[in-house]
Amino acid sequence: MRLSTRVPLLTGCILLLASACACCGPGRGYGKRRPPRKLTPLAYKQFSPNVAEKTLGASGRYEGKITRSSERFKELTANYNPDIIFKDEENTGADRMMTQRCKDKLNSLAISVMNLWPGVRLRVTEGWDEDGHHSEESLHYEGRAVDITTSDRDRNKYAMLARLAVEAGFDWVYYESKGHIHCSVKSEHSLAAKTGGCFPGRAWVTLEKGGRKSMRDLQAGDRVLASTERGNLIYSEVLAFLDRDPAIKKHFYVISTHNGATLSMTAAHLLFVWDGNCTGGALPAEGAMQTIFASDAHPGQCLLTLEEGAEGHLNGQLSRITRLRVWEDRGAYAPLTAQGSLLVNGAMTSCYAAVEKHQLAHWAFGPLRMLYSWTGPNRVQGEGLHWYAHALRWVGKLLLDSELFHPWAMESTDR
């Protein structure tokens, strides 16, 4: 079969395969839908996710108080949803003021409340605080936090209300007191959360022929150090770039480990981690590995990192995450290897982003890897998102369960 007929045929197969995946799995498809997931109420004093509110894995750092006279006041919008009751005890409308993300999550939660408890509405007791009634650096001062109850003030409902808030997409939910639930969201202009899956231009990979090469200089056809899911090091060919933009500035999650490795990647990129004891650096047992979004990484988890052994031999070892921060850098690069993984800055990562399951993403990109096995690596790709990644993302959003995606992948058009 000629290449000219293979490419459109392959494209058709991609769409059929994506549809087949949706039919057999969760979400909208033509097959049997999975039964509704049972929701577990939060326990008193429980918070979700199980990290501090103002950390990267939750709503992020405090950015400063917003007042009516400050430039940042334009970041807030009024919520006049008739399905929500605002206590507004100050009689200033302050409780209605919030960031757009907080508004979107609150409106979504209001629908869930009415669906679960007909005749009951969501009630906001505290929203934006302009009077200094909360603790220092409270996210209420930025319009990023709300305290909520139900309109009937039935405290027996509050544990489930907290769970509904988690499901509505709030970035941090806390069953704070017997009288209310506290919810908060990430900053609107926290670009660290609004990016796709990439590495900065200064990030480096290890070449089979020896030495390192920066992402900005990496080319399709280069063979770079990668890894099996078990942690065995192998070299794998770079087939293409799923995203490539040398000029753009983005915010990256910077993940540091106790042995000195420092890895930068965008929030929705997939990272291989192990939970457990990293002592001794021994590779994990089979099946112990999991993939998470970079934004979900936290201290205590283990990464597979590179160690140079005797006579220059490279070995993999586990290293514990000790620190996370956000840093702006230039360039956005997402190389695709035949293996589907690669070691960046000496740490094992996935080539994929946006969808939380590495194996699902690796399967979905199988046809593209097959195409380049026929044609050879894509050495002439320009800048921007690869056409296949763009098409697959569109099909995935249409057919797959939104729970599989990074929260910002469903909302943002940013790469």
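Helices are DSSP runs of H or I with at least four residues, numbered from the N terminus. Just after one of them, H5, Gly-376 takes a positive phi of about 90°. The model is predicted, and the values below are computed from it.

The buried residues of H5 are Gly-366, Pro-367, Leu-368, Arg-369, Leu-371 and Tyr-372. Two of these, Leu-368 and Tyr-372, recur in the surroundings of His-386. His-386 lies in the loop between strand E20 (384-385) and H6. This histidine is buried, because its relative accessible area is 3%, under the 20% limit. Beyond its neighbours within four places in sequence, His-386 is also in contact with Ala-240, Phe-241, Leu-242, Asn-378 and Gln-381.

Aromatic contacts were examined next. A pair of aromatic rings is described by the distance of the centres and the angle of the planes. The structure holds nine aromatic pairs. One of them joins Phe-365 and Tyr-388. Its geometry is tilted, with 5.3 Å centre to centre and 45° between the planes. The pair links distant parts of the chain, 23 residues apart. Phe-365 sits in the loop between helix H4 (358-364) and helix H5 (366-375), whereas Tyr-388 belongs to helix H6 (residues 387-399). Phe-365 is buried at a relative accessible area of 10%. Tyr-388 is also buried, at 1% relative accessibility. Trp-387 and Tyr-388 form an edge-to-face pair, with 5.7 Å between centres and 75° between the planes. Trp-387 is partly exposed, at 41% relative accessibility. Together with Tyr-352, the residues Phe-365, Trp-387 and Tyr-388 form one aromatic cluster.

Charged side chains also meet aromatic faces. Lys-178 lies over the face of Tyr-44, at 4.1 Å from the ring centre. Arg-212 lies over the face of Trp-204, at 3.7 Å from the ring centre.

Nonpolar packing was considered next. In soluble globular proteins, nonpolar side chains tend to be buried together. The largest nonpolar core has 45 residues. Met-215, Leu-271, Val-344, Tyr-352, Phe-365 and Leu-368 have the most contacts inside it. Strand E12 (residues 233-257) supplies the largest share of this core, seven residues. Val-344 touches Phe-199, Ala-203, Trp-204, Val-205, Met-215, Leu-263 and Thr-349, residues up to four places away in sequence not being counted. Trp-204 thus appears in two settings: it is touched by Val-344, and its ring face is covered by Arg-212.

A second, separate core has 30 residues. Among them are Met-98, Tyr-158, Val-166 and Ala-168. Tyr-158, Val-166 and Ala-168 are also buried residues of H3. Helix H3 (residues 158-168) is largely enclosed by the rest of the structure, because 10 of its 11 residues are buried. The buried set further includes Ala-159, Met-160, Leu-161, Ala-162, Arg-163, Leu-164 and Ala-165. These buried residues of H3 pack against one helix, H2 (100-116). They also pack against strands E1 (47-48), E5 (122-126), E6 (145-150), E7 (172-177) and E8 (180-184). H3 is followed by Gly-169, whose phi is positive, near 105°.

Internal voids were then searched. Rolling a probe the size of a water molecule over the atoms shows where empty space is left. The whole structure contains two cavities of 30 Å³ or more. The second largest has a volume of about 40 Å³. Its lining consists of Glu-90, Thr-92, Ala-94, Asp-95, Glu-126, Trp-128, Asp-129, Glu-130 and Asp-131.

Methods. Residues are numbered from 1 along each chain as its sequence is written. This is a predicted model: local features need pLDDT of at least 70, side-chain atom pairs count only at pLDDT 80 or more; totals for chains, interfaces and linings use all residues. Side-chain values use heavy atoms; hydrogens and water are left out. Rings of Phe, Tyr and Trp (its six-membered ring) pair if their centres lie within 6.5 Å; planes under 30 degrees apart count as stacked, over 60 as edge-to-face and the rest as tilted. Helices (H or I, at least four residues) and strands (E, at least two) are DSSP runs, numbered from the N terminus. Buried means under 20% relative accessible area, exposed over 50%, partly exposed in between (1.4 Å probe, protein chains only). A charge sits over a ring if NZ of Lys or CZ of Arg is within 6 Å of the ring centre and within 35 degrees of the ring normal. Contact means heavy atoms within 4.5 Å. A nonpolar core is a set of buried Ala, Val, Leu, Ile, Met, Phe, Trp, Tyr and Cys residues joined through side-chain atoms within 4.5 Å. On a 1 Å grid over the protein atoms alone, a cavity is a set of points where a 1.4 Å probe fits but cannot get out, and a pocket is an open set with protein on both sides within 12 Å along at least five of seven lines; lining residues have an atom within 4 Å of a point. Grid points are joined across faces, edges and corners, and a volume is the space filled by probe spheres set on the points.
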